[in-house]
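Q: Can you walk me through this structure? Short answers are fine.

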Number of protein chains: 2
Amino acid sequence: MNQQSSTPAGEDTVREQVVRTADRLYYEQGILSVGMDSVRDAAGVSLKRLYSLFASKDELVVAVLRLRQQMLRQGLEAHRDLATDPRERVLSVFDFLDRWFGEPGFRGCGFINAFGELGSRSDDVASVVRETKVDFRTYVEGLVREAGGSDAVALQVVLLAEGAQTTAAITGTPSLIASSARAAAATLLDADLAATA
Amino acid sequence: MNQQSSTPAGEDTVREQVVRTADRLYYEQGILSVGMDSVRDAAGVSLKRLYSLFASKDELVVAVLRLRQQMLRQGLEAHRDLATDPRERVLSVFDFLDRWFGEPGFRGCGFINAFGELGSRSDDVASVVRETKVDFRTYVEGLVREAGGSDAVALQVVLLAEGAQTTAAITGTPSLIASSARAAAATLLDADLAATA
DNA sequence: GACGACCGAGAACGAGCGTTCTCGCTACGG
DNA sequence: CCGTAGCGAGAACGCTCGTTCTCGGTCGTC
């Protein structure tokens, strides 16, 4: 009990801690394989407290996905901000993916996994996943526009990124996948710029 | 009882009928949401018979995925054989996808869905999915080679196809996705041919 | 110092489901 | 005509897991 708790800030911290713990377990083992008991044990809170923070497992899952969405966004933006050239800023998406794929414990896109596990059972989960994918597409469209590209090529870049994630997850040998997708995106972007010029 | 049964051929037919029925239910509702009872009801066989044909649900799932792999292959080849130009034969992959995405009840790639649901629980299922994806990649590499393209561009075509499936499944609005991926593949293939020429 | 509200730990409950068991019928062989 | 093997229908069992309940202790308050 190293938490003073009982302050509103303490509550927020506990909630965040639970979400982070659940995210890790869910991503490692799959959402359906991780029961509330496991979350309780790993997060060190009681079931009662768990259910006072989240009315149901569904709500916890949604909170986890929202956190993950936020972290995804931050990772993308961090890599984007390393580049100044608009073309490079588009391609930074694949640098981010490359780095991610190489991390130990990479198990594919958490949103796609969640959709596969729960998409047909929970409308809330399906909505959050869809929302995230729309966000990602909008993000890429922004970068591509700044590079002078069309929304059509932005969609193609999105398809490459999604395909890279799926393929990296399933084959388990993601070494060349992100760089291959990056090269494809560069070719498509350059062709689009040449065509609309 | 319109089956004379007791002949080996009859057994095969029953088995096939069960696999087909399970495939439909699994694809529509997700594998985890369909119990053996539902398969029994829909296929019109007893549980005993079900378990005499398949030792476990896992075995049934693997059989379903193998059937689906076969049907996928046949669909791809049917579209491929409509074209004679090697470049068009590569792009026929996306004509197949376009047609598939437009079908009522399209719910994404059954293998990716199965992997999301069971990949972390059943090694057999994970293996079959991986195997299918490797097969697909090999198939595309064959087509691309005949068009004079490299394996590198073949991988890029695969990434586009995978990304199209994922995106079409999650957004639920697959109208422009396959044609967009097709155009991207054409651009990449042409660029590769020009580069290696 | 006593009382009451709160909270953690874990038991308990109920539903879903994979798998097996039981029972009764049917059909075939002697 | 009888016995028996096989099979279909569905009950039953055991496990998992989401959710709720119970019990005991603790801490703040009068």
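Q: What is A:Val18 in contact with, leaving aside its neighbours within four places in sequence?
A: A:Val18 is in contact with A:Val39, A:Ala43, A:Val45, A:Leu50, A:Leu53, A:Phe54 and A:Leu60. Contact means heavy atoms within 4.5 Å.

Q: Anything I should know about the model and the numbering?
A: This is a predicted model: local features need pLDDT of at least 70, side-chain atom pairs count only at pLDDT 80 or more, and totals for chains, interfaces and linings use all residues. Residues are numbered from 1 along each chain as its sequence is written, chains are lettered from A and ligands numbered from 1 in written order, and side-chain values use heavy atoms, without hydrogens and water.

Q: How many residues are in the largest nonpolar core?
A: That core has 137 residues. A:Val18, A:Leu60, B:Val18 and B:Leu60 have the most contacts inside it. A nonpolar core joins buried (under 20% relative accessible area, 1.4 Å probe, protein chains only) Ala, Val, Leu, Ile, Met, Phe, Trp, Tyr and Cys residues through side-chain atoms within 4.5 Å.

Q: New topic. How much do chain A and chain B bury between them?
A: About 2800 Å², 68% of it on carbon and sulfur atoms. Buried area is the accessible area (1.4 Å probe) that two parts lose on being put together, summed over both.

Q: Which three residues supply the most on chain A?
A: A:Gln156, A:Leu159 and A:Ile170, with 21% of the area that chain A buries against chain B.

Q: And how many residues does each chain put in?
A: Chain A gives 35 residues to the contact and chain B gives 35.

Technical notes: Buried < 20%, exposed > 50% of the residue type's maximum accessible area, 1.4 Å probe, protein only.
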